[in-house]
Amino acid sequence: MRNVVILTFNDLAIAFKNKTLYLILLVPLFVFVALELVDGNEPDIQTINIGLIAKENYSPEMIRSLQSADSLFTISWHRDQSEGKRWLRERQGDGILVPSVASAEESALIVLTKASYQTVAIVESISALQRSLEGKSREWIAEIRPLQESEIQRQMLPTWILMLVLLVGFIVLPTQVAEEKEKKLLLGLLQTPVHEVEWLLAKVLYGTILIVIAALFLHLLTKFDFDFSGGLIYFAFLIAGGFCFCSFGVLVGFLCRTQASARTLGVLFYLPHLLPSALADFSKSLSSVAPLIPSYQFYRPIKLILLEGGGSSYFPLEMLVLLGVGLCTVSLSYLLIKKRWLM
């Protein structure tokens, strides 16, 4: 029994030394904070911009109620549905109401994302407005349609791509860099004519190739296709995202002495980059926090490209952020390798 206790405390000491204990404590803390940022059952939206089609017939009571609630709703009129959908796709509004095929007194709500806090806010606000006017009568909104009709596999594809990129950047590369340091392989390699910059570029290129191969293989399995121009933009963002997060991953590896600590620190970077970006559509708080994270600058463009056919004119800032973060992190890695940090 004494040996068991001694070995147990020895393992705990090792866990503390290689930062595994930090991971066990910080992951639940991070999940708690992320869940606290997710909105509750009553989203707080100040003004909802609703689009209506001029040629369509709506319930007069609904129109009068929306116009009277000018502190909650802003109405934008459009000539036809194509103009309204273009207005919604450019994110100038929150949703479009069109007559439902089921009944002339009911409407269908068209939104960018069906499962989002914004959609919940629109439906709850209109339902509350109707209850205050008519009581428990037939609902004004009979159905909710996403602007981009797609299967669940297609809707989840941007999230899987983000997970692949972050997995290579924050789990695979840091562990490999720390292994080469721990086994003195990197120190021996630098005694040869190989220059530090060459080693860094090789590591970043290696990670980027892994990301591109994994993403293309995933597209092949899901049989996802897109047009030529969208494919070029998407490929450009895969390269930029690979450069950004692979450079970041190399830096994380340099901050650690052992493989175990690199895996732990990698997970601590992986989760904060994954969850806020993937859950931004479901929370107003997260949607305001997520743009501050580099992963969102990668996730938002590829989501628009894959699901909504976004063009290159929408994403110059995001591309600059990815390239800027990549250049900063690879420069810091160069400084650490020149100092032979923890080698």
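This presentation goes through selected local features of a predicted model, from charged pairs to aromatic rings.

Good morning, colleagues. I shall begin with the salt bridges. The structure contains six of them. As general background, side chains of opposite charge can pair when their charged atoms come close.

Consider Glu-83, which lies in helix α4, spanning residues 81–89. Which residue does the side chain of Glu-83 meet in a salt bridge? The partner is Arg-79, with an N to O distance of 3.0 Å. The two ends of this pair stand in contrasting surroundings: Arg-79 is exposed, at a relative accessible area of 56%, whereas Glu-83 is buried, at 15%. Since the limit for burial is under 20%, Glu-83 at 15% therefore falls on the buried side. The side chain of Glu-83 also makes a polar contact, at 3.4 Å, with the side chain of His-78. If one sets aside the neighbours within four places in sequence, Glu-83 is in contact with Trp-77 and His-78. His-78 thus appears both in the polar contact and in the contact list.

A further salt bridge joins Glu-179 and Lys-183, whose closest N and O atoms are 3.0 Å apart. Here both residues are partly exposed, Glu-179 with a relative accessibility of 26% and Lys-183 with 49%.

I turn next to Glu-196 and Lys-338, which form a salt bridge with their closest N and O atoms 4.0 Å apart. What does this pair link? It links distant parts of the chain, since Glu-196 belongs to helix α8, residues 196–222, and Lys-338 to helix α13, with their positions 142 residues apart. Glu-196 is buried, with a relative accessible area of 8%, while Lys-338 is partly exposed at 43%. Salt bridges with shared partners bring Glu-196, Lys-338 and Arg-340 together in one network.

Arg-340 leads to the subject of backbone geometry. By way of background, most residues other than glycine have a negative phi. Arg-340 has a positive phi, near 55°. This residue is located in the segment after α13, the helix of residues 316–338, and is partly exposed at 27% relative accessibility. Lys-184 likewise has a positive phi, near 65°. Where is Lys-184 found? Its place is the loop between α6, residues 152–182, and α7, residues 185–189. Lys-184 counts as partly exposed, with a relative accessibility of 46%.

Let us now examine helix α3, which covers residues 60–68. Its buried residues include Met-62, Ile-63, Ser-65 and Leu-66. Why do these four count as lying on the same side of α3? The reason is that they cover an arc of only 165° around the axis. On the other side of α3, Arg-64 and Ser-68 are exposed. The general geometry is familiar: an α-helix has 3.6 residues a turn, so residues three or four places apart point the same way.

The next topic is cysteine. How many disulfides does a search of the whole structure find? The count is zero. The sulfur of Cys-244 has its closest cysteine sulfur in Cys-246, at 9.2 Å, which is too far for a bond; the cut-off for a disulfide is 2.5 Å. Cys-246, for its part, is in no disulfide either. Burial gives matching figures for the pair: Cys-244 is buried at 0% relative accessible area, and Cys-246 is buried at 0% relative accessibility.

Finally, I come to the aromatic rings, which form seven pairs in this structure. One of them joins Phe-170 and Phe-248, with ring centres 5.2 Å apart. Is this pair stacked or edge-to-face? The planes stand at 75°, so the arrangement is edge-to-face; the threshold for that class is over 60 degrees. This pair also links distant parts of the chain, with Phe-170 in helix α6 and Phe-248 in helix α9, residues 228–254, the two lying 78 residues apart. Both rings belong to buried residues: Phe-170 has a relative accessibility of 0%, and Phe-248 has 13%. Phe-170 and Phe-248 are members of one aromatic cluster that also takes in Phe-245, Phe-269 and Phe-298.

To close, I would return to two pairs that link distant parts of the chain: the salt bridge of Glu-196 with Lys-338, and the aromatic pair of Phe-170 with Phe-248. Thank you for your attention.

How values were computed
Residues numbered from 1 in each chain as written. Predicted model: local features only at pLDDT ≥ 70, side-chain atom pairs only at ≥ 80, totals over all residues. Heavy atoms only, no water. Buried < 20%, exposed > 50% of the residue type's maximum accessible area, 1.4 Å probe, protein only. Polar contact = N/O pair within 3.5 Å; in protein donor to acceptor, adjacent residues only side chain to side chain. Contact = heavy atoms within 4.5 Å. Arc of directions from axis to C-beta. Phe/Tyr/Trp six-rings, centres within 6.5 Å; stacked < 30°, edge-to-face > 60°.
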